[in-house]
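These are my notebook entries on a structure that I looked through entry by entry. I record what I looked up and what I found.

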Amino acid sequence: MNETLKVDRRDAKLALAHIYVAFIALALGGLAGLLQTLVRSGKFTLPANISYYTILTTHGVLLGLVLTTFFIIGFQFAAVSRTAGTFSDRVRFWGWIGFWLMTIGTAMTAFFILIGEASVLYTFYAPLQAHPGFYLGLTLVVVGSWISGFAIFAHYARWKKEHPSQVSPLLTFMAVVNMVLWLVCSLGVAATVLIQLLPWSLGLVDRINVLVSRTLFWYFGHPLVYFWLLPAYMIWYAIIPKIIGGKIFSDSLARLSFILFLFFSIPVGFHHQLMEPGVEPFWKYVQVVLTFMVAIPSLMTAFAMFATFEMYGRSKGATGLFGWLRKLPWGDARFFAPFVGMLFFIPAGAGGLVNASHQLNQVVHNTIWVTGHFHLTLATTVVLTFFGAAYWLIPHLSGRVMTKAMNRLAIIQTIVWAIGMAFMSGSMHFAGLLGAPRRSAFSTYGNSPQALEWIPYQIAQAVGGTILFIGIILVLVIVTNLAFFAPKGETEFPVGEVAETAERTPLAMENWKLLISITVALILIAYTIPFIDMIQNAPPGSKGYKLW
Amino acid sequence: MANEKIKGKATENSNLKGTLASVFLLGFFLIFTWVSVYFLFLERL
Ligand code: HEM
Ligand SMILES: [Cu+2]
C-alpha cells in the first residue's frame, strides 16, 4: 500500500458515484430553491396545488442533507485513497455498500416527500408527523454513512499499523476526525428517529416528547454544520496551498483546529434552542460559552489562510502591507471559487456570533435572517469550495482535463454565484431584522404594515434566486463536461506540503482514546442534567400533526 | 544543527504584517456587526 499520486481507478469510481448523486441533488434542489424565492416574491403561485412546504422540504433535504453528505463522503474517499494509499478490496466493498444504502435511502425519502406525505422540512420537528417511509429512508442514509465511516477508519488503522510511530497524512487525519464527529453526533438523530419518531409515525405509540426530540435533533444538527464545513477546511488547509504554489503554514495548527472542532462542535446544540421553554437558562449559558469556544478554531483557520497567502506572495517578491494579494492566481478557478467562499465566510461568521448570543438571538430567531446566514455558510462558503474542488477532483477521477474555456466558465460561475447570493442572502438578512419569518409562503398577513415592509426584500430575494439558478445551470454544465466530455488526460490531485519553517507535529495529536474521552466528557457535562430534567419533568407528549 | 539554521531563516524572512492587519480588520468587522444588532436589540426592548 504505497502512497500514490493518482487515486486508483477502482477507488475513483466509488468517489465519482457519490459525486454524481451530489450534483443530481443540486439540480433538483436548486430548482426547488428558485421556486421558493418566486413564491415568496408574491408574483407567482405553484401549479397543480403543489404545497410550498413540499418544495421547501425537497430543497432542504436534497441540498442540506443529500448534496452535502454525498459530496463529502465521495471527496473523503478520494482524499484518503490519495494520501494513505489504495483501498483494500474489503474497504472498497464496504464503501459501495455504504453508497447503495445511502442512495436507496435518499430515493425513498425523496419519494415520500414528493408524493406529499412528508412535508415536515429537513429538520422534521415533532409534532409534525411524516409517513414512516420518510424516517426509514433517512435511517438508511445515516446507516450507509456510518458504514462508509468505518471503511475509512479501517483503512486509517491499517496505515497506522504499517507506519508505526509516524504521523498520518494530514488529509487522512482530517477525514478521520470528520467521520468521528459525524458518528458521535448522528447517534443523536438515530436515537430520536428510531426510538421516538418512527414508532410514533407507525402508530405504535400515540404521543411524543417534543422537547426531547428537538434536543436530540440539535445535538446532531450543530455538529452537522461542522461536518459540512470541515471538508471545506481540508481543502483550504491542505490543498489550496499546493494550488497557489505555496506551502501549508503549519501542519500542527491545522490538526489542532480539527481537534478543537471535534471537542466543541457537539456540546452546543442548545444555541439552536435558546428560545425554547423547558431548558434551564444556566444550561443554555453553558452551551453558549462552548459555542464561542468553537469560534476559536475558525479564527485560527482565518489566520492560517491569511498567513499562507502572505507567505506565498512575499516569496514571489510582494511588498507592502497587502501586496501579496496581487500575487495570487486569480485566473485559476480551483483557487478563485474557494477564495470567494472564504470571503463570504467573514459576514457568515459575524452573523453566526449574533445568532449564538442569547439576547441577539431574540432579534433574529426564526426569521429569514437565519436562512440568509446559512446560505452564506453552507450555500456559499462550503458549496463554492466544493465546486472549486470538483474542478480538479472530477477530471482527476474521470481521467480528463479541464479546458481553458471551462476554467473561464467556472470563474464566471463563481462571480454569478457571488452576485446572486449577495442579493438573496443580503435581503434575507435585512428582512429578517425587520421580522420577516423564515419557512413561510407569501402572505401579507392581512395587509399589516410590518409585513408590507418585507415585500421589496422578497422581490430582491427572487432576483438573487434567479441569478443563483443560472449559477447552478453553469456549474452543472461544467461538471457534466468534466465527467463525460472533456479531453482525456491526467489532472493533478493537489496535496500541499508543509513549510520547512513549521514545527514538527506531535504524535499525541493522534491519541484517539484521549480525544474521544474529552469529546464524550464535554457532551456529558453539557447535556446530562438538562436532559434528565426534560424526561423527568415532561409534559404529556404530543399527538402527530399533518398541517400541509 | 539543521533545525536551528531553519529557525534562524524563519525569523529573518517571515514577515506576516499583512496577516496581522487582516486579522485585526476581521476582528473589527465581527465586533461592528455584533454591536449593531445589539443596539437594535436595545432599541426594541
Ligand atoms: C438556486 C440557489 C438557491 C436558492 C434560490 C435558495 C433559496 C432558498 C430559500 C428562499 C429558502 C428559504 C425558504 C423559507 O424559509 O421559506 C431556502 C432554504 C434552505 N436552503 Fe436554499 N437556496 C439555494 C441554494 C441552496 C444550497 C446550495 C443549499 C445547500 C447546499 C441550500 C440549503 C437550504 C436549506 C438547508 C434551507 C432550509 C430549509 C428549511 O428551512 O426547511 N440552498 N433556500
Ligand atoms: Cu449551530
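**Entry 1: salt bridges**

I first fixed the term: a salt bridge is a side-chain nitrogen of Lys or Arg within 4 Å of a carboxyl oxygen of Asp or Glu. The model is a predicted one, in which local features need pLDDT of at least 70, side-chain atom pairs count only at pLDDT 80 or more, and totals for chains, interfaces and linings use all residues; side-chain values use heavy atoms, with hydrogens and water left out. Residues are numbered from 1 along each chain as its sequence is written, while chains are lettered from A and ligands numbered from 1 in the order in which they are written.

I looked up A:Arg92 and found a salt bridge with A:Asp11, in which the closest N and O atoms are 2.6 Å apart. A:Arg92 belongs to helix α3 (residues 89-114) of chain A and A:Asp11 to helix α1 (residues 9-41) of chain A, so the pair ties together parts that are 81 residues apart in sequence. For helices I note the rule: they are DSSP runs of H or I with at least four residues, as strands are runs of E with at least two, numbered from the N terminus.

I then asked whether A:Arg92 is buried or exposed. The terms are set by relative accessible area: buried is under 20%, exposed is over 50%, and partly exposed lies in between (1.4 Å probe, protein chains only). A:Arg92 has 8% and is buried. A:Asp11, at 0%, is buried as well.

Next I looked up A:Lys160, whose side chain meets that of A:Glu510 in a salt bridge of 3.2 Å, N to O. This pair links distant parts of the chain, 350 residues apart: A:Lys160 is in helix α4 (residues 132-162) of chain A, and A:Glu510 is in the loop between α13 (449-485) and α14 (512-536) of chain A. A:Lys160 is partly exposed at 23%, whereas A:Glu510 is buried at 10%.

My third pair was A:Asp251 and A:Arg255, with a salt bridge of 2.7 Å, N to O. These two residues are 4 residues apart in helix α7 (residues 251-264) of chain A, which means that about one helical turn separates them. A:Asp251 is buried, with a relative accessible area of 7%, and A:Arg255 is buried, with 2%. I also noted a network, in which salt bridges that share partners join A:Asp8, A:Arg10, A:Asp11, A:Asp89 and A:Arg92. Over all chains I record 10 salt bridges.

**Entry 2: the metal sites**

Which residues coordinate the iron atom of ligand 1? A:His59 (NE2) and A:His375 (NE2) do, at 2.0 Å. Donors here are N, O and S atoms within 2.8 Å of the metal (3.2 Å for Na, K and Ca); water is not among the atoms, so sites may look incomplete. The iron site is octahedral, with angles of 86 to 179 degrees among its 6 donor atoms. For six donors this term requires opposite donors over 155 degrees apart and all others between 65 and 115. Both A:His59 and A:His375 are buried.

I turned to the copper ion (ligand 2), which is coordinated by A:His222 (ND1), A:His271 (NE2) and A:His272 (NE2), at 1.8 to 2.0 Å. A:His222 lies in helix α6 (residues 210-244) of chain A, and A:His272 in the loop between α7 and α8 of chain A, 50 residues apart. The donor residues follow the spacing H-x48-H-H in sequence. A:His222 is buried at 7%, whereas A:His272 is partly exposed at 24%.

**Entry 3: chain A against chain B**

I looked up the interface and found 29 residues of chain A in contact (heavy atoms within 4.5 Å) with 23 residues of chain B. The buried area, that is, the accessible area (1.4 Å probe) that two parts lose on being put together, summed over both, is about 2,200 Å². Carbon and sulfur atoms give 79% of this area. How many salt bridges are there between chain A and chain B? The count is 0. On the side of chain A that touches chain B, α8 (281-315), α9 (333-356) and α10 (358-364) each supply at least two residues. α8(A) gives the most to that side, with 8 residues.

Note on methods:
Tetrahedral: all angles 85-135°; square planar, octahedral: opposite > 155°, others 65-115°.
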